[in-house]
Amino acid sequence: MPFTFTFRPRIAAALRGYDRDRFVRDLGAGATVGIVALPLAMAFAIASGLKPEAGLWTAILAGLLISLLGGSNVQIGGPAGAFIVVVYGIVERYGVANLLIVTAGAGVLLFAMGLLRLGRLVRYVPVSIVIGFTNGIALLIAASQIKDWLGLDIDKMPADFFAQLRTIAAHIGSFNPYAFGLGTACFIGLLIWPRLWSARSPMQRALDLPGLKRASEVGARIPGPVVALVTLTALASLLQLPVETIGSRFGSIPGGLPPFQLPEFSWETVKLLFSPMLTIAALGAIESLLCARVADQVSNLPRHDPNQELMAQGVANFVVPFFGGMPATGTIARTVTNVRAGGTTPVAGIAHAVTLALIVLLAAPLALQVPLSVLAGILFFVAWNMGEWREFAHLRRYANDYRLKLLGTFALTVVFDLTVAVQVGLLAACLLFIQKMGALFSVERTGDGTGELRYSLYGSLFFGATAKIDPILDAVENGPDQPQVVLDALHLVHLDTSGLDTLRQLHKAVVQRGGTLRLENLHEQPRELIEQAGFSQELGVA
């Protein structure tokens, strides 16, 4: 089948039959998500070792491009918590300028993955590996925020997990109780806020009156991070608490569009940075397509196009570095917020980007008063929701190979980095899969007449199962002369070249003993391989 280039953004199909009612719903959902994105975008950038505006403009530009060009009706793109640890490590090791090259290169890889229709391959990553590195990243995010949560006086945090713990322990004497109080209040408040508006909460029952129902509905729609950001910032400012803020650390947030800039580029640098590029691309692909699948499950809208989504992610990640941005992908929290707020088309994602841009352009100075400990509390909450912690308690229910992949990937993510964890995890998954498939192949002795050795083959004879043929070889080499060997392939469903080579070795041993080898009841795939390789002529089969 010839290769054809297809580039069909979902927005074209989604706008067919578009009406005013859907526009109003999309506009409201987009405004809600834009407000939610404000504290998250700043928090992700700061935790990654970048300035807050890097996260804000990434959310705006990448969010706009992913909604315009993507393959999902409701996916919201922007900076994500999953990138924090990776980006911080790249900034520490290679610098911000090279992060821009890494991000643009990852964009090219993502676009190529979509162009080559590799979007569905992400589904082949075992869920145990995804849970392992997701929980590892969540732990690393939480560890990276301890400094600001405790208000410690540390100039620069190392990227390594254990080095971070040592640094925190060495500076614990600079503990700031005010910062600790704000961060803790933020985290607890975010845990409690959704429960306040649940049907069973005392507050909801108290507001279940005709005149108060409207207030209840409005309160339930206000995002928790926004409430925490506004109330705790106001409290810290009113009481003049001695805590570090965005303004005291970064000076200011530019209120205008960031200038276009070209990073210094060379092929030598690209080759040096290929490994982190691959990490960003792989993580972006997994995160965005997992997010799109979640969106499909929580909405009744058409299913996403994974290849179009990857191409949109590629374009966004290629463009944002030229405006000082950071890696972007689909974000589950903002996407689910979009669906629950009534978003139905990519117009909601565009409205989210416009809303955030207006906030940045018109109210950037207000963000300077935000305490960093409050952002740390928000990121603690993100890490808490990001990790699937119950899986650790349920490990005893699963097989040993599942436990090995999950715990191994988790440990490698924490101790080394995500690249090593995913590579080793996938290698372990492949080896365990080969072992399991090899165990499914079996050879059964079914009869032995005068000089005849008859065996039945079951399963797939591939490179991981060829050792199962050894008993037949032993029987031929240690048995009587002129053996008549019959292999019944009625239950042989697959044969690869390694399996074919093993049958050739068996045939050679049989011929050396003056006997014959016969294959019976071959299915289509094994027969085609045997005929194409010329083995049927060697066996004397017409």
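Reader: How many cavities of 30 Å³ or more does a search of the whole structure find?
Author: In this predicted model, the search finds one cavity of 30 Å³ or more. About 70 Å³ of space lies in this largest cavity.

Reader: Why is that space called a cavity?
Author: A cavity is a set of grid points where a 1.4 Å probe fits but cannot get out. The space of about 70 Å³ is listed as the largest cavity, so by that definition a probe placed there cannot get out.

Reader: What makes a residue part of the lining of the largest cavity?
Author: A lining residue has an atom within 4 Å of a point. Ile84, Val85, Tyr88, Gly89, Leu140, Ser144, Ala159 and Gln164 line the largest cavity, and therefore each has an atom within that cut-off. Helix α4 (84-94) gives the most, with four residues, and α6 (127-144) supplies at least two.

Reader: Why does the class count of this lining include three polar residues?
Author: The lining has five nonpolar, three polar and no charged residues. Gly counts as polar and Tyr as nonpolar, so Gly89 falls in the polar class and Tyr88 in the nonpolar class.

Reader: Which residues lie nearest the centre of the second largest pocket?
Author: They are Leu278, Ala282, Ile286, Val422 and Leu426, from a lining of 22 residues. The pocket has a volume of about 510 Å³. Helix α15 (274-298) provides the largest share of the lining, eight residues, while α5 (96-115) and α22 (418-440) each supply at least two. By class, the lining has 18 nonpolar, four polar and no charged residues.

Reader: Why are β3 and β6 called edge strands?
Author: The open sheet of four strands has the order β3-β4-β5-β6, with mixed pairing. Strands β3 (442-447) and β6 (516-520) each pair on one side only. From one strand to the next, the twist averages 25 degrees.

Reader: How do you know that β4 and β5 pair?
Author: Two strands pair if there are at least two bridges between them. Strands β4 (residues 452-461) and β5 (residues 484-495) have nine bridges in the parallel sense, so the criterion is met. One of the bridge partners is Asp488 in β5, opposite Ser456.

Reader: Which helices lie across β5?
Author: Helix α24 (residues 497-512) lies across β4, β5 and β6 and runs at about 175 degrees to β5. Helix α25 (residues 524-532) lies across β5 and β6, at about 115 degrees to β5.

Key:
Residues are numbered from 1 along each chain as its sequence is written. This is a predicted model: local features need pLDDT of at least 70, side-chain atom pairs count only at pLDDT 80 or more; totals for chains, interfaces and linings use all residues. Side-chain values use heavy atoms; hydrogens and water are left out. Axes are lines fitted to C-alpha atoms, for helices over the stretch in contact, and angles run from 0 to 180 degrees between N-to-C directions. Contact means heavy atoms within 4.5 Å. On a 1 Å grid over the protein atoms alone, a cavity is a set of points where a 1.4 Å probe fits but cannot get out, and a pocket is an open set with protein on both sides within 12 Å along at least five of seven lines; lining residues have an atom within 4 Å of a point. Grid points are joined across faces, edges and corners, and a volume is the space filled by probe spheres set on the points.
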